Amino acid sequence: MRRTFRMFLMLTMILGLLPQAAMAKDKWSIDGAGDITSISIAQDGSRLAIGSHGAKANVYSSDGEPIFGFDAKNVVTGVQLMKNGDLIVSSDDRHLYAFDAKGTKLWDKNMKLQIKGISSSLDGLVTAVFTQRSENVVFIDPATGDPKNEAKTGAIIKTIKVSPNGKWVAAASSDQYIHLMNEQGEVLRKFGASGQIMSIAVSDQGETAVGTESKRVEWFDQDGKRQHSFSTRDSATHVSYTADGKYLAVSDLSGYFYLLDSKGKQLWETKINGQGRNVELDTEGKILYAGTGDGQVLKYDVGAIVSQAQKQGKVRMGLWAAASLVVIAAIWLGLRMMKKRNRLGVFLDIWKSKWVYLGLAPTFILLLTFLYFPAFSGLFHSLYKWQPGARTTFIGLDNFRRMFHDPYVVHGIGNLLILIITGLVKTIIPPLIVAELIYHLRSKRMQYGFRTAFTASMVIPGVAMLLVWQNLYDPNLGLFNNFLELIGLGSWAHGWLGDPKTALWALIFMGFPFVGILQLLVFYAGLLSIPVELVESAKIDGAGLPRIIRSIHLPLLAGQFKFLIILALIGIVQDFNGILIVTGGGPMDSTYVPALQMYYAATKFNDLGYASALGVSMFVVIMIITIINLKFIRTEND
């Protein structure tokens, strides 16, 4: 059985151990180009045109050999290669230029306004441009550059794209809407994206993909319904479809390039030192050209990656089938062993109590779904580079090694040690003192009154308490600084939460006088459970109150101490709510703790693999401390 389980575990783990990579096959730089603003690939893939911020338009062979170049008078905003080899260039100098395959200028058209983009079908019959702060898409005659007709959108256009077959034209506007048109410019659909659109792509089937400033790529069908989304690490600067819409290339501002399939699944990614500005796939999706923010053009052979992904899909299906067979075999062997030992009667007992088990099933399902599954998922993904929507890559213990080099975690551990020591003091001593005082009141009514007064504060939300204390620390209107001014110590007043030297201690002081209601009730209940005869005997022997507390109360409250210490340690290690609300980990990193870094890794940076590793590490620390505590503090039942 152990071997069977190990085989199943290994097969399951292998499903995620298939990383993919590709190196740049060719790379060249364009002097003085700056940002690569546009890339266009010929239908046969034999040449490509590059437009750049440095007012340059260049045509290269597929191997990077220069064919011809052109210097505009302002930023080149778009280039478009036609099927016959002609090139159309748009520029912020308000001109459209056309060149033949040898670089001879065919025509020059002054559009009177800065031209912000151009796109055309592969045959060039549908060519569209848009100008600065315009709400219209202008369709031009590629033979002369003369406008043929316009399509109105009602909002300032940000970017446009014509499908390779020319049947669809997609225009993205500043109000985050996509306008899907036919080749005549008739708007067929209007639908919205979740963020400001930076780039748009449309396939021959009318499927649209957009890259947004909010670090997302979104897919829409030809009816405008959102199908999938993918999270990038930074603003998605450009997206590019293959003609059939099977693959999508993406660049982002942090220098990442991605290859995705039509379902939003990541097939490949790579990272450069710099900004990713532009991407373009050839018609078959085998070659990816990428442009950077410093004038470099990179050529990637992604055809092998696509083929590899298809093969790996089949391998994964085979592995899942094998894993399923292993599970079935394990169940069969287990049942056979139970039959040999005459243990199958347990199933008959379960059937007799089926209604009881059915009543318990919802509780167990909810526990497994919302408690155990997330815990085991965190343990599993701590070994992976995991970003939901992106490819999950097995990296072993790299996430755990990363913690030792993370300055926020290292500094946070020091802060956490201070919080643990002070937290244990606040958890044990003040509630114990108050519980002893209430316990020794002679009047039962007074005991009840004080208990009620303390427990009534439980109705105050914890966030409200934090905000009250934040106002008390306010450097201008806060009670503390005003009180110091009142007693003549105004020189001591300053921003308590804004000073790295005092911020952590100001957080620690919150909640003074630190009488936790749960801790108070636990200690008070423990005191009530102590037999009165023991105390009376001690008094007869001449023991005073300090001796009774030291020799009777404290030893008999060991169970309560153990319980509260464990709860306090778990709470302190895991808690970051107060720090997040009041200081956010600042100023600088003076109030940072590992739990806060886990939260930021998961929410701000979308790095859930690293966040899972931090969570697993905190679990291990809590478990070790708990075991030590259980062994160290002995009770009468141990």
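Let us begin at Arg 233, which counts as buried at 19% relative accessibility, because buried means under 20% relative accessible area. Please keep in mind, as we walk through, that this is a predicted model. The side chain of Arg 233 meets that of Glu 269 in a salt bridge, with 3.0 Å from N to O. Glu 269 lies in strand β25 (residues 266-271), while Arg 233 lies in the loop between β21 (226-231) and β22 (236-241), so the pair ties together parts that are 36 residues apart in sequence. Glu 269 is buried too, with a relative accessible area of 14%.

A second pair takes us to the helices. Arg 402 forms a salt bridge with Asp 607, and their closest N and O atoms are 2.7 Å apart. Since Arg 402 sits in helix α5 (residues 398-404) and Asp 607 in the loop between α16 (594-603) and α17 (608-632), this pair ties together parts that are 205 residues apart in sequence. The two partners can be told apart by their surroundings: Arg 402 counts as partly exposed at 39% relative accessibility, whereas Asp 607 is buried, with a relative accessible area of 15%. Returning to our starting point, salt bridges that share partners join Arg 233, Glu 269 and Lys 385 into one network.

How many salt bridges does the structure hold? There are 12 salt bridges in the structure, and one more is worth a visit. The side chains of Glu 280 and Lys 161 meet in a salt bridge, at 4.0 Å from N to O. Glu 280 belongs to strand β26 (residues 276-281) and Lys 161 to strand β14 (residues 157-162), so this pair ties together parts that are 119 residues apart in sequence. Glu 280 counts as buried at 11% relative accessibility, and Lys 161 counts as partly exposed at 24%. As a general point, side chains of opposite charge can pair when their charged atoms come close.

Now for the strands. Strand β27 (residues 287-292) and β28 pair in the antiparallel sense over five bridges. The two form a hairpin with three residues between them, and Gly 295 in the turn has a positive phi of about 85°. To find your way across this pairing, look for Ala 290, whose bridge partner in β28 is Leu 298. Strand β28 (residues 296-301) is mostly covered, with five of its six residues buried.

Another group of strands forms an open sheet: four of them, in the order β6-β7-β8-β9, with antiparallel pairing. Its edge strands are β6 (76-81) and β9 (105-110), each of which pairs on one side only. Neighbouring strands of this sheet are turned by 15° against each other on average, direction ignored. Within the sheet, β7 (residues 87-91) and β8 (residues 95-99) pair over four bridges, and Leu 87 stands opposite Phe 99 in β8.

Our last stop is helix α11 (residues 517-528). Its 12 residues reach 16 Å from the first C-alpha to the last, close to the 16 Å expected at 1.5 Å a residue. Which parts of the structure do the buried residues of α11 pack against? They pack against α6 (407-439), α7 (444-455), α13 (545-556) and α14 (558-574). Among these buried residues are Ile 517, Leu 520, Phe 523, Tyr 524 and Leu 527.

Note on methods:
Residues are numbered from 1 along each chain as its sequence is written. This is a predicted model: local features need pLDDT of at least 70, side-chain atom pairs count only at pLDDT 80 or more; totals for chains, interfaces and linings use all residues. Side-chain values use heavy atoms; hydrogens and water are left out. The expected span of a helix is 1.5 Å times one less than its number of residues. Buried means under 20% relative accessible area, exposed over 50%, partly exposed in between (1.4 Å probe, protein chains only). Contact means heavy atoms within 4.5 Å. Two strands pair if DSSP finds at least two bridges between them. Axes are lines fitted to C-alpha atoms, for helices over the stretch in contact, and angles run from 0 to 180 degrees between N-to-C directions.
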